[in-house]
Amino acid sequence: MDTKRILYITQEITPYLPESESSKICRYLPQGIQDLGRETRTFMPRYGAINERRNQLHEVIRLSGMNLIIDDTDHPLIIKVASIQAARMQVYFIDNEDFFDVKATDSDGSEEDLEDNGERAIFYVRGVLETVKKLRWIPDLVHCHGWLSVLTPVYLKRKYADDPGLSNAKVVYSIYEDTLNSSFSKGIVVKIKQDGMSDRDLSLLKTATDYETLTCLAIQYSDGIIQGSSNISERILDFIDKKKKPFLPYQPEDTYIDKYNEFYDMMLNNKSKSGK
C-alpha cells in the first residue's frame with residue numbers, strides 16, 4: 001500500500017475531553033489508520049476545559065502568529081501540540097481566547113448553545129486548513145468529525161478550490177448523533193460569503209442554519225459519508241441517498257477501523273468531483 005496522507009479534523013478526542021462516541025473514535029481511528037501504513041495528522045480545538053499542564057500542551061511558535069479575519073475582525077491563531085505517547089501520535093490544537101477559552105465545548109454549561117458557534121466553526125476550519133498549508137503537508141483525504149467541522153467540505157471545495165496543497169484532497173464527513181440545540185446565528189451566511197462563497201454555494205442555508213441543514217450542506221460538498229452513530233435522522237439519510245454519495249453505514253467498534261480504511265481506499269481511487 002502506498003503511503004497516503006489522512007487529515008483528521010475532529011471536534012473532540014479523549015483523553016483531552018470526556019469519553020463519548022466521537023471522542024473515542026477520534027482517539028483510536030488515527031492510531032489504527034497510522035498502524036495500517038497511512039500518514040496522519042489530527043486536529044481539535046483547545047477548549048478551556050483542557051488542562052494544558054496535565055496534558056503537556058505547548059505552543060508551536062513557527063505555526064502560530066497568523067490572524068484570521070471574520071466579519072472584518074482579526075482573530076489571532078495559536079497552534080499548540082501534545083503527544084499521546086501510547087499511540088505515537090501528535091494532536092494539534094487550534095487555540096484562540098475569543099472562541100475557545102470557554103470551559104464548555106458548545107454551550108454555556110446549560111442547554112443553551114453559544115451564540116458564536118457559527119463563527120467558531122469558521123475560525124476552526126480555516127485555522128486547520130491554514131495550518132496544514134503552513135506545515136506544507138498535503139493531505140490525500142480529509143476526514144471530518146462533529147458539527148464544529150461541518151463547514152470544512154464547502155470551504156475545501158470553494159474557498160480552497162485552487163489551492164495546490166488542498167484542491168485534490170477527497171473529503172469524508174462522519175455524521176454523529178451530537179446535534180446542536182439551536183441554529184447558527186442569522187448572520188453566519190453573510191460571514192461565510194465574505195470568504196468567497198456565493199449564494200448558489202450556500203443555497204441550502206437560505207432559510208435555515210440548524211444542525212440537520214448544516215449537515216446536508218456538508219454532505220453536498222463531501223466525496224463520501226460515514227454514519228458514525230447507530231441512529232441518525234431520516235432527513236439526513238434521505239439527503240445522502242438523494243445525492244447518491246458513497247456511504248458507509250454504521251460500523252461496530254471491533255471492525256470500524258478496517259472498514260473505514262477500505263472506504264478511504266474507495267474514495268482515493270474515485271476520480272469524480274463532489275459539490276453538486
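Colleague: What makes you say that E4 is joined to strand E5 (residues 73-84)?

Modeller: Five bridges join E4 to E5, and the strands run antiparallel. Two strands pair if DSSP finds at least two bridges between them, so five is enough. Asn67 stands opposite Pro76 in E5. Bear in mind that this is a predicted model, where local features need pLDDT of at least 70, side-chain atom pairs count only at pLDDT 80 or more, and totals for chains, interfaces and linings use all residues. Residues are numbered from 1 along each chain as its sequence is written, and side-chain values use heavy atoms, with hydrogens and water left out.

Colleague: What is the mean pLDDT of the protein?

Modeller: The mean is 91, and 92% of the residues reach 70 or more; pLDDT is the predictor's confidence in each residue, from 0 to 100. Residues 106-112 are a weak spot, as pLDDT stays under 50 there.

Colleague: Back to E4: which of its side chains point to the buried face?

Modeller: Met66, Leu68 and Ile70 do, while Asn67 and Ile69 point to the other face and are not buried. "Buried" means under 20% relative accessible area, exposed is over 50%, and partly exposed lies in between (1.4 Å probe, protein chains only). E4 itself is residues 66-70; strands (E, at least two residues) and helices (H or I, at least four) are DSSP runs, numbered from the N terminus.

Colleague: Why is His143 called buried?

Modeller: Its relative accessible area is 0%, which is under the 20% cut-off, so buried is the right word. His143 is in strand E7 (residues 141-145).

Colleague: What makes the link between the side chains of His143 and Ser174 a polar contact?

Modeller: The distance is 2.7 Å. A polar contact is a pair of N or O atoms within 3.5 Å; within protein, one must be able to donate a hydrogen and the other to accept it, and residues adjacent in sequence count only if both atoms are side-chain atoms. At 2.7 Å the pair is within that limit, so the name fits. His143 also has contacts (heavy atoms within 4.5 Å) with other residues beyond four places in sequence, including Leu7, Tyr8, Tyr260 and Tyr264.

Colleague: How do you know that Cys144 has no bond to Cys26?

Modeller: A disulfide is a pair of cysteine sulfur atoms within 2.5 Å. The closest cysteine sulfur to that of Cys144 is in Cys26, 10 Å away, so the two are too far apart for a bond. The whole structure has zero disulfides. Both residues are buried, Cys26 at 1% and Cys144 at 0% relative accessibility.

Colleague: Why is helix H5 (residues 152-159) described as largely enclosed?

Modeller: Six of its eight residues are buried, so the rest of the structure largely encloses the helix. Those six are Thr152, Pro153, Val154, Tyr155, Leu156 and Lys157. The elements they pack against include E7, helix H4 (117-135) and strand E8 (170-175).

Colleague: Which residues have the most contacts inside the largest nonpolar core?

Modeller: Tyr16, Met44 and Tyr155, in a core of 74 residues. The name covers a set of buried Ala, Val, Leu, Ile, Met, Phe, Trp, Tyr and Cys residues joined through side-chain atoms within 4.5 Å. H4 gives the largest share, nine residues.

Colleague: And what makes strand E6 (residues 89-95) mostly covered?

Modeller: Six of its seven residues are buried. E6 pairs with E5 in the antiparallel sense over seven bridges, and with strand E2 (residues 39-45) in the parallel sense over three. Tyr92 is the bridge partner of both Val81 and Phe43.
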